[in-house]
Amino acid sequence: MPAAPIRSICCIGAGYVGGPTMAVIADRCADIQVTVVDINQARIDAWNDPDLSKLPVYEPGLDAVVGRARSRNLRFSTAVDEAIAAADMVFISVNTPTKTKGLGAGQASDLRWVEACARQVAKSAQGHTIVVEKSTLPVRTAEAVKAILSAAQQSDHGEPRSFAVLSNPEFLAEGTAVRDLESPDRVLIGGEHPEAIDALASVYGHWVPQERILRTNLWSSELSKLTANAFLAQRISSINSVAALCEATGADVREVARAIGTDSRIGPKFLNAGPGFGGSCFQKDILNLVYLCRHFGLPEVADYWESVVNLNSWQQHRIARTVVQKLFGTVTGKRLAILGFAFKADTNDTREAPAIRIARDLLEEGAQLAIHDPKVESEQIARDLGLIASEAPDAESGPTRASLSGEGTWWPSASVADALDGADGVLILTEWNEYRQLDWSDLAQRMRQPAWVFDARSVVSREAIHAAGLQLWRVGDGDA
Ligand code: UDX
Ligand code: ADP
C-alpha cells in the first residue's frame, strides 16, 4: 500500500533543532502545513517577530528561510494540543539534557520532556499519526514512546487511533544548520513500518536525493546518532592530546593535522585543535553512551568513551592554568580580555562552551574579565558563569582594593578594543571571523605590558603578534 501523503506536520519544541529543521521543511514543501509548538511563550513570540533579526536562534541564512515560509505554510504557536490533533506527523524535538540527580545523574539523559510529549500526543492525536523522534535519544527510547502510545489506541471519544514511531535523528551542526538541512550528507530514518518510513522519506524527497535517505531499524538509527557524535568528539580529543605534546616538543599541531589529514583514510575535517569541544550534543551524547555501556555490562567500552570527555575537560583546565603560569603565577586583580563566549563561531549558543569552564577557573583565581562576543547576550553570560556582571572599571585606574581582595569579576565589552583596555592578557576562545582581522599593533597600545595573547583557536598570525611586541601562546604551537 503506498504511503498516504503527509499534509500537516506538527513539531513539538521550537529550539535550535526544531525551529530551523521545520523552517527548511516548510520552505521546501509548499504542499505541507507545518506548525511548530512550544510551551515557552516568549520563544514562540520571538519566532513570530516581524523583525527577522529577533529570531531566538541565530543561524546564517535562517532569517530568509523563515521569512519566506512564515508567510505561507509555517506557523509558530503555543496551542500544542490543537496542532497535534491536526497533524498527520508529529516530530518530537524537545530538550534531552543530562540528568542532574537521581539514577544515572551526570550521565543518563533526562527523558521527562520526551515522555511528557509522548503523553500529550497520546491524548490529542486523531486518526493515524506518525510520531518521529528528532531529539537525540538513548537507544531504545522508542520503546517507551511506543508503550505510551499503544496504551492510547482509543481516543477519549472512542474513535480508533493508530500510531507508528520513527527515529529520524538530526545531524545538523549549529552555525551551518541551514546548509546542513538543505543539503545533508544523509537523512537517517529508523522504524518498523515501511509505509511510515516511506511517508517521511517522501517529505525529505522534496529536496533530498533518494540515495541519501538511509533506512534502518529503530535501534540502529538511535545508536547511529550517538555514535556519530562520539566519533566526531573523539577526533577533537585526539588532536587536542597531540596539541599538548606538540607544545612540549616544539612541533606544531597545525602541521601535524595537515600531514595526517591528507591520508584519505583519516581525512582533513575535525582536526582543529582548540579549547575543547562544547555544544549541547557531544558531551551529553558520549556520557549517554557511557551510561548505556555500563548498563549493558561493558565497563571497558564505557571507560574508553569516557576518556574522550575527560580529556576535553582537562584541555579546558589546562588552558586556564597556562594563562596563570604565563602571567607570573597569579591573575588575582589582573584584567584579562576574553574574546568569544559562544561554543563555536556563527552561533549565539553557549551550551557547554569551553569559555564557561575557562572563565570560571580564572574567576576562581581572582581575575577581572572583560568578555566580548558578537552574538551572545550578557544576561546569558551571567547565567552561565553564575555571577552577575560588574561595572566596567576605568582602564586607567590601577588594581583596586576590591580586585586585589581576590574576588573574580566580569563585565561585558561592546568592542574588542574596549575589552583589551588595560588588560595583561587576551584569550581567544571562539573563532569568530572578526577576530582574524584585528589590528594587533593598535590593540597592543591599549594593553598593560608585558602583555600576552592566548590564542586557543589558531586565528592570529604569529608574525603580527610578535611585530606588535606582544607575547604569544597558541594551542599546539611548540614554537610560539
Ligand atoms: C555537532 C555535530 O557536528 C552535529 O552533526 C550534531 O547534529 C550535533 O553536534 P555542533 O555541536 O553544532 O554539532 O557543532 P560542531 O561543529 O560539531 O562543533 C562542536 C564543538 O567541537 C565546537 O565547540 C567546536 O568548536 C569544536 N571543534 C570542532 C573543534 O574544537 N575542532 C574541530 O576540528 C571541530
Ligand atoms: P534542542 O537543541 O534539542 O532544539 P532546545 O532546548 O533548544 O533543544 O529546545 C527544546 C524546546 O522544547 C524548548 O524551547 C522547550 O520549551 C520545548 N519543550 C520542552 N518540552 C515541551 C513540551 N512538553 N511541549 C512543548 N514544548 C516543549
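Modeller: Let's start with a cut-off: a polar contact is a pair of N or O atoms within 3.5 Å. This is a predicted model, and that cut-off helps us read what sits around its ligands.

Biologist: What makes Asp38 a polar contact of ligand 2?

Modeller: An N or O atom in the Asp38 side chain is 2.6 Å from an oxygen atom of ligand 2. The limit is 3.5 Å, so the pair counts as a polar contact.

Biologist: Which atoms of Val17 and Arg351 do the job with ligand 2?

Modeller: With Val17, a polar backbone atom is 2.9 Å from an oxygen atom of the ligand. With Arg351, a polar side-chain atom lies 3.1 Å from a ligand oxygen. Both pairs fall within 3.5 Å, so both pass.

Biologist: How do you know how much of ligand 2 is covered by the protein?

Modeller: On its own, ligand 2 has 580 Å² of accessible area, and the protein covers 88% of that.

Biologist: Which residues come nearest to ligand 2, and what kinds make up its shell?

Modeller: There are 16 residues around ligand 2, with Tyr16, Val17, Asp38, Arg43 and Arg351 coming nearest. By class, that shell has seven nonpolar, six polar and three charged residues. Helix α5 gives the largest share, three residues.

Biologist: Now ligand 1. What makes Lys225 and Arg457 polar contacts there?

Modeller: Same test again. An N or O atom in the Lys225 side chain is 2.8 Å from an oxygen atom of ligand 1, and a polar side-chain atom of Arg457 lies 2.8 Å from a ligand oxygen. The cut-off is 3.5 Å, so both count.

Biologist: What does Asn272 use to reach ligand 1?

Modeller: A polar backbone atom: a nitrogen atom of ligand 1 is 2.9 Å from it. As for cover, ligand 1 taken alone exposes 660 Å², and the protein buries 91% of that.

Biologist: Which parts of the protein build the shell of ligand 1?

Modeller: Domain 1 (8-216) and domain 2 (218-480) each supply at least three residues. By element, helix α9 (residues 218-249) gives the largest share, four residues. The shell divides into 11 nonpolar, three polar and five charged residues.

Biologist: Let's talk about empty space. Why is a space called a cavity?

Modeller: It's called that because a 1.4 Å probe fits in it but cannot get out. Here the count comes to one cavity of 30 Å³ or more. The largest cavity has a volume of about 50 Å³.

Biologist: How do you know where the largest cavity lies relative to the domains?

Modeller: Look at who lines it: domain 1 (8-216) and domain 2 (218-480) both give residues, so the largest cavity lies between them. The lining includes Glu133, Ser167 and Lys225, and that Lys225 also contacts ligand 1 through its side chain. Helix α9 gives the largest share of the lining, three residues. By class, the lining has two nonpolar, five polar and three charged residues.

Biologist: And what makes a pocket something other than a cavity?

Modeller: A pocket is an open set of points, whereas a cavity holds a probe that cannot get out. The second largest pocket has about 390 Å³ of space. Of the 21 residues lining this pocket, Leu111, Pro138, Val139, Arg140 and Thr141 are the closest to its centre. Elements giving two or more residues to that lining are α5 (112-124), α6 (141-150) and α11 (282-295).

Biologist: Why do you place the second largest pocket where you do?

Modeller: Both domain 1 (8-216) and domain 2 (218-480) contribute lining residues, so this pocket lies between them. Its lining has 13 nonpolar, four polar and four charged residues.

Biologist: Last bit, the backbone. What kind of peptide bond joins Gln449 and Pro450?

Modeller: A cis one, with omega at about -5 degrees. Pro450 is in the loop between α17 (440-446) and β13 (452-455).

Biologist: What makes Phe270 worth a look?

Modeller: Its phi is near 60 degrees, a positive value in a residue other than glycine. Phe270 sits in the loop between α10 (253-261) and α11.

Note on methods
Residues are numbered from 1 along each chain as its sequence is written. Chains are lettered from A and ligands numbered from 1 in the order in which they are written. This is a predicted model: local features need pLDDT of at least 70, side-chain atom pairs count only at pLDDT 80 or more; totals for chains, interfaces and linings use all residues. Side-chain values use heavy atoms; hydrogens and water are left out. A polar contact is a pair of N or O atoms within 3.5 Å; within protein, one must be able to donate a hydrogen and the other to accept it, and residues adjacent in sequence count only if both atoms are side-chain atoms. Accessible areas come from the Shrake-Rupley method with a 1.4 Å probe; for residues, only the protein chains shown count as cover. Ala, Val, Leu, Ile, Met, Phe, Trp, Tyr, Cys and Pro count as nonpolar, Asp, Glu, Lys and Arg as charged, and the others, Gly among them, as polar. Domain bounds come from an automatic or database domain assignment. On a 1 Å grid over the protein atoms alone, a cavity is a set of points where a 1.4 Å probe fits but cannot get out, and a pocket is an open set with protein on both sides within 12 Å along at least five of seven lines; lining residues have an atom within 4 Å of a point. Grid points are joined across faces, edges and corners, and a volume is the space filled by probe spheres set on the points. A residue is near a molecule or strand if one of its heavy atoms lies within 4 Å of it.
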